[in-house]
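Me: I would like to go through this model step by step, reasoning from one element to the next. Please begin by fixing the term for a helix, and then let me ask about individual parts.

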Amino acid sequence: MTNDSDSSSLIRLNIGGKKFCTTIDTLTQREPDSMLAAMFSGRHTLCQDPEKGYVFLDRDGKHFRHILNWLRDGVVPTLKDSKYTEVLREAEYYQLLGLIDGIHAILNKKKEDEELDTELTRTDIIKCIQSDRVRFRGVNLSGLDLSKLDLSFVDFSYACLRNVFFSRANLHCAKFKDVDAEGANFHNATLRECEFTGANLRGALLAGANLQSANLQDACLINSSFCQADLRSAHLQNADLTNANLEGAILEGANLKGAKLSNTNLKDANLQRAYLRQVNLRDTHLEGAKLDGANLLGAMR
């Protein structure tokens, strides 16, 4: 495309393999300071497919329709919470400041609404943990900031812990049986010997967490992040780790019997002496993983 292109002319885009058709006006008018506006301002020569004329951008095309609809209509898309983060990442890449502000406004409103529905506040929690045998079984604590607190031995079983911020908290021996902790943040938390049996941790962040000897049997860990997490001797029997990120995690001696590892990232993970018997590893990313002494009898690779 050359700089004499008509501003109303059609543009064909190939975003990571997904094809789109739009106009230069759409790409440049609503967000004039964006990367897209700069690319299609006419000041730059862009490489196009010589046969079909597509301009290629090496991004995930899954959410580009939301980008285009924002540029067309100026309306922030209605999405599930986990999807807003993905669209936000794309908006930041394309430098769409209006869309970024709109997504942040929606997420902040959702957080405020969750806090209004929460049965206890951070101050209430701090008062409660002064006593022995603290229990928050079945309590709604969604969206609370419980970072850096000593919550060791606390029983959270059956509680709603969606988007709770547990970063750097001491949760040694805490109980999370059957909790709904979707989107919770356990970054660098101490979770040694915790029980997560049957827990929903879909999309949770556990990067850098210490989960030695933790019980995660039957837990839903889809799309969760365990980068650099310490899972030595953890019990992960029948856990669903589909699309989970465990890059660089320590799983030495962990029991993964019956675990679902479809598209799981275990690059550079330490799986020495791990129990992987009859586990399907065909779609698992194991580049650089240490498997010395691992039980791989009957594993599908």
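Reply: A helix here is a DSSP run of H or I of at least four residues, and helices are numbered from the N terminus. The model to which this is applied is a predicted one. By that reckoning α3 covers residues 64–73, and the residue that follows α3, with a positive phi near 70°, is Gly-74.

Me: Which residues of α3 are buried?

Reply: To count as buried, a residue must have under 20% relative accessible area. Within residues 64–73, the residues of α3 that meet this description are Phe-64, His-66, Ile-67, Leu-68, Trp-70 and Leu-71.

Me: In what order do the strands of the open sheet lie?

Reply: Strand β1 (residues 10–15) pairs with strand β2 (residues 18–23) in the antiparallel sense over six bridges, while β1 also pairs with strand β3 (residues 55–57), in the parallel sense and over three bridges. The pairing in this sheet of three strands is therefore described as mixed, given that two strands pair if DSSP finds at least two bridges between them. The edge strands, each pairing on one side only, are β2 and β3, and the order is β2-β1-β3.

Me: What angle does the direction of α3 make with that of β2?

Reply: From one strand of the sheet to the next, the twist averages 30°. Against this sheet packs α3, which touches both β1 and β2, and the angle between the direction of α3 and that of β2 is about 10°.

Me: Which residue in the turn between β1 and β2 has a positive phi?

Reply: The register of the two strands can be followed from pair to pair, with Leu-10 standing opposite Thr-23, Leu-13 bridged to Phe-20 and Asn-14 bridged to Lys-19. The strands form a hairpin with two residues between them, and the turn residue with a positive phi, of about 60°, is Gly-16.

Me: Is Ser-82 buried, partly exposed or exposed?

Reply: Ser-82 is found in helix α4, which spans residues 81–94. Its relative accessible area is 43%, and the classes are set at under 20% for buried and over 50% for exposed. Because 43% falls in between those limits, Ser-82 is partly exposed.

Me: How far apart are the C-alpha centres of domain 1 and domain 2?

Reply: The protein is divided into domain 1, residues 10–116, and domain 2, residues 120–300. An unreviewed UniProt entry places the feature "domain: BTB" at residues 9–111, a stretch in which the chain is 48% helix and 15% strand. Between domain 1 and domain 2, the distance from one C-alpha centre to the other is 33 Å.

Me: Which residues have the most contacts inside the largest nonpolar core?

Reply: Phe-176 touches, among residues more than four places away in sequence, Phe-156, Leu-161, Phe-166, Leu-171, Phe-186 and Leu-191, to name some of them. Apart from the largest core lies another, of 29 residues, including Leu-36, Met-39, Tyr-84 and Leu-96. The largest core itself has 65 residues, and those with the most contacts inside it are Leu-171 and Phe-176.

Definitions and conventions. Residues numbered from 1 in each chain as written. Predicted model: local features only at pLDDT ≥ 70, side-chain atom pairs only at ≥ 80, totals over all residues. Heavy atoms only, no water. Core = buried A, V, L, I, M, F, W, Y, C linked by side-chain atoms within 4.5 Å. Buried < 20%, exposed > 50% of the residue type's maximum accessible area, 1.4 Å probe, protein only. Contact = heavy atoms within 4.5 Å. Domains from an automatic or database assignment. UniProt positions renumbered as here; feature names shortened; annotations may be inferred. Axes fitted to C-alpha atoms, helices over the stretch in contact; angles between N-to-C directions.
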